[in-house]
Structures are given as structure tokens and as C-alpha cells.
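Here are some notes to read alongside the model, written for someone opening it for the first time. Take them in order and keep the 3D view open.

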Amino acid sequence: AEVWVKMAAAGVRGRLRFRLTRLLILAVLASVSTVQAKRSLVKVITDHNWRDILEGEWMVEFYAPWCPACQHLQSEWNEFAEWSDDLGVNVAKVDVTEQPGLSGRFIITALPTIYHCKDGEFRKYQGPRMKNDFIDFIDGKKWEAIEPIYSWLRPSSFLMTSMSALFQLSMWIRHCHNYFTEVIGIPVWGSYGIFALITLFSGLALGLILVFVADCVLPSRRYRHQPHCSQKKVPLAKRLKPKDGQFQEEDDETEDDLCSQAKESSSQTFEKAVLKDCGDYLQDTVRKRTMEYTSRADDS
């Protein structure tokens, strides 16, 4: 009888232990689900969905897991997110270690950094970092007293898009460097050499492309030396003309002919033509003066 009593007591204790264990497991699961439900109120922003913050009202925190100040802020930020439905604001966060493009797009220079966004206008929050302060900032519309950032510095601008691409490129280069050194086993100097060669050849290719485009847009012209029409004169002939005005100067038609000849011929041919005209002019001048002297002698 005593044996049966002991066995019954042991069975009762076993059932009680099983029930208590099951209750503890259910309690732990319930607490975990509650915590996850609270954490889900904070939305995660990535490079793929960041444009969602351009519509409506948002409070976005930029943080890093290794940052002590960011770790201290997480509890306050999660509690503030519980009021998001009442305040009509979306509470979000961005991990800059996982999203380097957004770090460059928003010019994050300190951690944690908090931005307020209202219909595409961004303002940097620089007040106290407590739950009640966040609530007062939204409920009291204190963000209206803060000047929004300039349009050319907004995340959707061309400049910030280029900055985001630059940050993403730097992160890609870092991943490639780690792959070369840790996975493949290339020395560090070998990895640097690879990137140096890539930079050199990409620069040469880009330079050739720019030269080709410039030559197509602005083709080069072979310079051909020709005298300008404004320089149409015969210095030697002008100097030989007397100052008393007895002889007529070359008319405009002769000068126009010389200018047209200069455009059609090379510089050497033009100089020969000018010298020939000067010689003819001198011969005509000597002949006329000889005839004048002869006529005067005959008259006398």
C-alpha cells in the first residue's frame, strides 16, 4: 500500500512539474511576442524604401549598434514609438552600418542623428532626447520654428543622390578588399595594387571617351595663316608716294582685289603678288614723272 501511495504522489508531482513548465514556456513566449510587438512600432528604413518618408510626417533616427549613445536612446525611442498612432507620426530608424547610402544621402556626421520630415521638408532635431521631449516636439509643433534644410541639400536632390552613390561605392570597395585579403588570401599590398591598376585603366578609358566626345562636339580645324582683310595695305608703296598729293592712291577696287587674292592664296604667294604690284606701281610712277619732265623741257 505504501508503495502505491509513493507512486501516486510521484505521478502527481510529475504532472505538476509538467504543468508549471508549460506555463513558464507560455509566459516567456507571451513576453517575447509583446516585446516584438513593441519593437515593430519602429519602422526600419533602407535604401529600397527610404522614399516613403517623403510623404506624411516622420521622425527618423540614424544610429549604429556599436554607439553607446545610440544604445542609451533605444529605450526612449521605442517608448516614443508607442505614441506614434496618437500623434499621427511615423517613427523610424536607420542603421548606418547597413545602409551607407542613406548615411551619405543625409550627411550623417554624428551619432545618433534625428531628422523630422514633413511632406518632403527635412529639419534636424537638436533638442533633448527623452520620450516626453519627442512628444512635445510633435504635439506642440515645435518643428515649425526650425528652418528646413536647403532644397539642394535635400535627400532627393541630385547632389545628395551623387553623395549616396559615392558612399555605396566606398562600401563596395571595402567589401572587395575584405574578399581579396580574407577569402582569397591576397596580401594587403596586392589588394591595393589591384585597385591602383583599376583606377589607372578606368581613368585612361574615361579620358579617351572625353577626348572623343570633345572632338565630335568641337572638331579641331587646321590653322592656315592668311592675312586679314583689315590688314590690306602695301606699306612699301605707301611710303614711296609723295606727300604733295600729285599721284593718286590705289583705289578701293584694287585693295579689294588684293584682299580676295590673299584669301585664296597662301601667305608666300600673297607676298609675291604685293611685291609685284609695288614694282609695277614704281615703274608707272617713274614713267609719268619722266614724261612730265620731258613735256616741261619741251615747253621751255
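1. Let's start with one ring: is Phe62 buried or exposed? Phe62 is buried, because its relative accessible area is 0%, and buried means under 20%. Bear in mind throughout that this is a predicted model.

2. Now look at what Phe62 pairs with. The model has 12 aromatic pairs in total. In one of them, Phe62 meets Tyr115 edge-to-face, with 6.0 Å from centre to centre and 85° between the planes. This pair links distant parts of the chain: Phe62 sits in strand S2 (residues 57-63) and Tyr115 in strand S4 (residues 113-118), 53 residues apart. Tyr115 is buried as well, with a relative accessible area of 9%.

3. For a contrast in geometry, go to Tyr150 and Trp152. Their ring centres are 6.3 Å apart and their planes lie at 15°, so this pair counts as stacked. Stacked requires planes under 30 degrees apart, whereas edge-to-face requires over 60. Tyr150 has 57% relative accessibility, so Tyr150 counts as exposed.

4. Back to Tyr115 for a moment, since it leads to another tyrosine. Tyr125 lies 10 residues from Tyr115 in sequence, and their C-alpha atoms are 5.5 Å apart in space. Tyr125 belongs to strand S5 (residues 121-125). With 9% relative accessibility, Tyr125 counts as buried.

5. What does Tyr125 touch, leaving out residues up to four places away in sequence? The answer is Ile114, Asp133, Phe134 and Phe137. There is also a polar detail to look at: the side chain of Tyr125 reaches the backbone oxygen of Pro128 at 2.4 Å.

6. Two of those neighbours come back when you follow the rings. Trp77, Phe80, Tyr125, Phe134 and Phe137 form a cluster linked by ring pairs. So if you colour the aromatics, pick out Tyr125 together with Phe134 and Phe137, which are both contacts of Tyr125 and members of the cluster.

7. Finally, turn to the surface. Which residues make the nonpolar patch of about 480 Å²? They are Leu166, Phe167, Leu169, Trp172 and Ile173. Leu169 is part of helix H6 (residues 158-184). Why is Leu169 called partly exposed? Its relative accessibility is 42%, and partly exposed covers the range between the 20% and 50% cut-offs.

Key. Residues numbered from 1 in each chain as written. Predicted model: local features only at pLDDT ≥ 70, side-chain atom pairs only at ≥ 80, totals over all residues. Heavy atoms only, no water. Patch = residues over 30% accessible without salt bridge, like charges linked within 9 Å, V, L, I, M, F, W, Y side chains within 5 Å. Areas by Shrake-Rupley, 256 points an atom, 1.4 Å probe, with all protein chains shown as cover. Salt bridge = Lys/Arg side-chain N within 4 Å of Asp/Glu carboxyl O. Helix = DSSP H or I, 4+ residues; strand = E, 2+ residues; numbered from the N terminus. Buried < 20%, exposed > 50% of the residue type's maximum accessible area, 1.4 Å probe, protein only. Phe/Tyr/Trp six-rings, centres within 6.5 Å; stacked < 30°, edge-to-face > 60°. Contact = heavy atoms within 4.5 Å. Polar contact = N/O pair within 3.5 Å; in protein donor to acceptor, adjacent residues only side chain to side chain.
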